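Me: I would like a close look at one part of this model. Please take one strand and work outward from there.

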Amino acid sequence: MIVFQNVTKTYNHGTVALEKVSFKIQQNEFVSIVGRSGAGKSTIIKLLIGEEKPTKGKVFFGSYEVDKLKSSQLPEFRRHIGVIFQDFRLLAKKTAFENVAFALEVAGRPQQEILELAPQVLEMVGLKDKMHNFPAELSGGEKQRVAIARAMINRPDVLIADEPTGNLDPFNTWEVIKLLTKISELGSTVLLATHDKEIVNTLGQRVITLENGRLVKDEANGKFLIG
Amino acid sequence: MFVKILRIIKYGFNNFFRNGWLSVSTIGIMVLALVVFESLILFNIIANGAVESLQNKIDISVYFKSNVAEDSILNIKRSLEGLTEVETVHYVSRDEALAEFRERHEGDEVIMQTLDQLDENPLLASLNVKAGDPRHYDTIAAYLDKPIFENVIEKATYAQNHIVIDRLISLVDTIQNGGAILTFFLSFLAVMITFNTIRLAIFSNREQIGIMRFVGASNNFIRGPYVIEGVVYGVIATVVAFLILIPFINFLSPYISNFIPEVDMREYFANNTMRLFLYQAFFGIGLGILSSVVAVRKYLNV
């Protein structure tokens with residue numbers, strides 16, 4: 001479902017972020033991408049959601065050839081992907097409910113459906129009581145759960161998580177990981193970029209290891225091996 | 001489609017209210033810009049009134065010797081009317097001049113008695129010549145200075161009023177040029193200030209725009225609410241600026257009428273309320289929309 005074919009990404013000032021990276025991710029897989037900061041994890045995610053274009057190689061997502069998508073085609077494409085980030089990226093001037101509802105609204109879903117679905121998903125992440133709070137009134141863990149609710153409400157084919165626990169305490173970290181596992185079990189493909197050794201080792205799922213922009217290891221039942 | 005438009009409108013109003021002070025200060029700046037814009041319109045009305053009033057005061061009077069027959073004066077009148085520079089020529093016969101003179105000095109017995117003692121009408125027939133453009137009096141004066149008129153014309157006022165007319169011409173020019181420069185400069189200022197204020201307001205939203213793109217919002221769905229917000233800014237600023245204008249005009253109008261009788265601001269305002277309001281609304285709302293569209297565009301490339 002996701003294919004990286006010999007992808008190289010060089011930034012304008014000559015920095016090589018990825019070099020000849022190739023991998024395939026099947027539907028319903030839970031894949032961790034690990035590596036130090038600057039190893040290329042975020043670049044992979046940027047290429048996958050079309051925020052950046054590869055310098056060489058191809059990126060496929062289902063029937064889309066991501067590197068060929070025009071700016072005007074990106075919104076529709078991104079509705080197939082749910083993304084959560086380390087810094088949450090919630091809309092500060094919208095409540096938790098509105099943030100989640102927004103993902104449905106952009107897809108043009110009817111109001112009735114939004115009013116039913118959004119509270120359900122918020123309940124699933126344990127935030128039904130704080131539905132009408134603004135992000136500034138929520139803790140880090142709560143914000144990330146809103147972000148997860150927003151990412152999953154469109155039933156995306158893939159959920160991408162870019163260091164989702166980077167700003168969270170251990171308790172909230174495990175809450176988020178539990179949610180990701182649950183989403184995976186419900187049938188979504190999950191792609192988790194992280195440098196948290198403990199998480200990766202506990203998950204016991206496929207691990208892609210990056211080092212200086214190169215893919216150095218791809219194991220079906222991997223461990224975090226970088227020191 | 002319809003649902004999306006409704007959502008865009010809803011978000012526009014949401015943003016407007018949730019932005020709170022940012023909205024208030026943006027509107028404040030827009031009100032200032034619109035007041036400048038209004039003042040320019042009013043300034044131009046006053047300046048045009050002043051120019052017209054000055055131009056009406058300028059003319060050349062040509063007095064004819066008392067022995068010149070009315071027919072030949074009327075001939076000269078027709079030839080003057082043939083000149084492109086001349087706008088109107090008004091003939092005042094000797095009798096009319098006398099009647100006017102008597103009327104003007106009605107209460108003055110000395111003058112009346114002196115007049116009554118005279119056998120003959122002491123006043124001369126004259127042509128009152130007005131040019132469309134004050135600069136043309138030179139040409140008209142030169143035309144009247146021709147030798148063929150030497151025997152019939154007693155005197156022409158141009159020679160006496162020459163300096164005053166020149167000064168008035170330069171004054172009118174200064175008002176018109178100054179007005180044009182001021183209009184251009186202040187309009188430019190008003191546009192730039194409004195544009196940059198809205199840009200700054202949206203600049204503080206640039207991350208939000210990026211997030212909306214990530215969630216899969218189309219550009220129109222992102223841009224829409226900002227445009228609506230721009231419209232709301234424009235409408236409110238227009239109304240506020242207009243409300244400021246009304247007492248201002250009422251206060252100023254009598255003073256201006258004192259100074260330039262041709263200009264009655266209050267009446268002008270009453271007759272043109274709708275037009276002035278629409279000008280402003282067009283300026284305010286147009287600027288609101290345009291600034292929003294331009295400012296958002298910059299942050300949509302993710």
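What follows is a walk around one strand and its surroundings.

Me: Take β7 of chain A. Which strands does β7(A) pair with, and in which sense? Where do its residues point?

Reply: A caution to begin with: this is a predicted model.

Start with the strand itself. β7 of chain A covers residues 158-162. Five of its five residues are buried, so β7(A) is largely enclosed by the rest of the structure. Val158(A), Ile160(A) and Asp162(A) point one way. Leu159(A) and Ala161(A) point the other way. An Asp is thus listed among the buried residues of this strand.

Now the sheet. β7(A) belongs to an open sheet of six strands, ordered β6-β7-β8-β3-β9-β10 in chain A. The pairing is mixed. Neighbouring strands are turned by 15 degrees against each other on average, direction ignored. In general, strands of a sheet pair through backbone hydrogen bonds, either parallel or antiparallel.

On one flank, β7(A) meets β6(A). The two run parallel and share five bridges. Ala161(A) is the bridge partner of Ile84(A) here. On the other flank comes β8(A), residues 189-194. That pairing is parallel too, with five bridges. Ile160(A) faces Leu191(A) across it.

How does the chain get from β7(A) to β8(A)? Helix α6(A), residues 170-185, is the link in a β-α-β unit with these two strands. The unit is right-handed.

Follow the sheet to its ends. β6(A), residues 81-85, and β10(A), residues 214-219, are the edge strands. Each has a single partner strand, so one side of each is left without a neighbour in the sheet. At the β10(A) end, the partner is β9(A), residues 206-211. These two run antiparallel, joined by five bridges. Leu210(A) stands opposite Leu215(A) there.

Next, the helix packed on this region. Helix α5(A), residues 140-152, lies across β6(A) and β7(A). Its direction is at about 170 degrees to that of β6(A).

The nonpolar core ties several of these pieces together. The largest core has 84 residues. Ile160(A) of β7(A) is among those with the most contacts inside it. So are Ile148(A) and Ala149(A), alongside Leu48(A), Val100(A), Ala118(A) and Leu122(A). Helix α3(A), residues 96-106, gives the most to this core, with eight residues. Ala149(A) shows how the contacts run. Leaving aside neighbours within four places in sequence, Ala149(A) touches Val100(A), Val121(A), Leu122(A), Val125(A) and Leu127(A). A second, separate core has 18 residues, including Phe64(B), Leu127(B), Ala131(B) and Tyr137(B).

One more sheet in chain A sets the context. This open sheet has four strands in the order β2-β1-β4-β5, with antiparallel pairing. β2(A), residues 16-25, and β5(A), residues 64-65, stand at the edges. Inside, β1(A), residues 2-10, is joined to β4(A), residues 56-61, by five bridges. Phe4(A) stands opposite Val59(A) in that pair. Helix α1(A), residues 41-48, lies across β1(A), β2(A) and β4(A), at about 115 degrees to β1(A).

To return to the strand: β7(A) has parallel partners in β6(A) and β8(A), and five of its five residues are buried.

Key
Residues numbered from 1 in each chain as written. Chains lettered and ligands numbered in written order. Predicted model: local features only at pLDDT ≥ 70, side-chain atom pairs only at ≥ 80, totals over all residues. Core = buried A, V, L, I, M, F, W, Y, C linked by C-beta atoms within 7 Å. Buried ≥ 20, exposed ≤ 12 C-beta atoms within 10 Å, placed from the backbone. Contact = placed C-beta atoms within 7 Å. Pairing = 2+ DSSP bridges. Axes fitted to C-alpha atoms, helices over the stretch in contact; angles between N-to-C directions. Right-handed = clockwise from strand over helix to strand, strands pointing away.
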